[in-house]
Amino acid sequence: VQLWGREYFGLGIRFLAALDGGNDFRNSAGGRGVENTDKASAEWCAYTAELDGKPVTIAVYDLPGNPRAPAKWFTMTQGFTYISATLGLAEEPLTVTAQQAPLLLQYGVVAFDGAASEAAIQAAHEALKKMAKETP
């Protein structure tokens with residue numbers, strides 16, 4: 001089978017409308033804002049915004065073993081705020097043969113109560129990677 005798609009095809013999150021309007025995206029490669037996280041490859045990408053006057057952070061993680069890791073990220077704030085971990089299928093389709101099946105993709109999503117530090121985001125990634133290794 002050949003997988004293909006738009007630049008946003010992947011594990012995507014459309015945020016609550018109350019979280020729209022910010023541009024506080026960041027990734028493990030040091031990118032900040034949509035302009036430096038959209039179409040960038042990184043192990044994780046996070047978004048921080050205010051909800052009911054308090055900051056929250058949502059981080060999405062690409063886990064080891066996924067094809068084409070680290071993920072290529074799609075981030076946007078126009079119209080609504082959105083993040084997606086993708087396989088870059090818009091640039092290059094992915095062929096999966098019977099010998100390669102099944103295709104296993106593992107991602108993690110963590111919601112932080114507050115504006116999470118990069119150290120906290122990375123620590124959650126390490127914990128998720130450990131859990132992924134323990135999963136048969």
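In this predicted model, the largest nonpolar core has 16 residues, and those that touch the most other members are Phe15, Leu19, Trp73 and Ile83. At least two residues of this core come from each of strand E4 (44-51), strand E5 (54-62) and strand E7 (82-86). Apart from this core lies another one, made of 12 residues, which include Trp44, Ala59, Tyr61 and Leu128. In soluble globular proteins, nonpolar side chains tend to be buried together.

Ile83 shows how one core residue is surrounded: when neighbours within four places in sequence are left aside, Ile83 is in contact with Leu11, Gly12, Ile13, Phe15, Phe25, Cys45, Ala46, Val60, Trp73, Phe74 and Thr75.

**The chain as a whole**

The protein chain contains 2 helices and 9 strands, and along the sequence these follow the pattern β-β-β-α-β-β-β-β-β-β-α. The radius of gyration is 15 Å, close to the 14 Å that the globule rule gives for 136 residues, so the chain is as compact as a globular protein of that length. Some further values for the protein chain are set out below.

| Property of the protein chain | Value |
|---|---|
| Span of the C-alpha trace along its principal axes | about 50 × 35 × 25 Å |
| Buried residues among the 136 residues | 41% |
| Share of contacts with a separation of 6 or more that join residues 24 or more positions apart | 66% |

**The cavity**

The structure holds 1 cavity of 30 Å³ or more, and the volume of the largest cavity is about 40 Å³. Which residues line the largest cavity? The lining consists of Glu7, Lys39, Lys72, Trp73, Phe74, Thr86, Gly88, Ala90 and Glu91, and by class these are 3 nonpolar, 2 polar and 4 charged residues. Strand E6 (residues 72-76) gives the most to this lining, with 3 residues. Trp73 thus appears in the lining of the largest cavity as well as among the residues of the largest nonpolar core that touch the most other members.

**Leu3, in strand E1**

Leu3 is located in strand E1 (residues 2-3). Is Leu3 buried, partly exposed or exposed? Its relative accessibility is 27%, and because buried means under 20% and exposed means over 50%, Leu3 counts as partly exposed. Leaving aside neighbours within four places in sequence, the residues in contact with Leu3 are Leu89, Pro93, Leu94, Val96 and Leu103. The C-alpha atoms of Leu3 and Ala101 are separated by 13 Å, while the two residues are 98 residues apart along the chain.

Methods
Residues numbered from 1 in each chain as written. Predicted model: local features only at pLDDT ≥ 70, side-chain atom pairs only at ≥ 80, totals over all residues. Heavy atoms only, no water. 1 Å grid on protein atoms, 1.4 Å probe; cavity = no way out; pocket = protein on both sides within 12 Å on 5 of 7 lines; lining within 4 Å. Points joined across faces, edges and corners; volume = space filled by probe spheres on them. Helix = DSSP H or I, 4+ residues; strand = E, 2+ residues; numbered from the N terminus. Nonpolar A, V, L, I, M, F, W, Y, C, P; charged D, E, K, R; others polar. Core = buried A, V, L, I, M, F, W, Y, C linked by side-chain atoms within 4.5 Å. Buried < 20%, exposed > 50% of the residue type's maximum accessible area, 1.4 Å probe, protein only. Contact = heavy atoms within 4.5 Å. Rg over C-alpha atoms; globule rule 2.2 N^0.38 Å.
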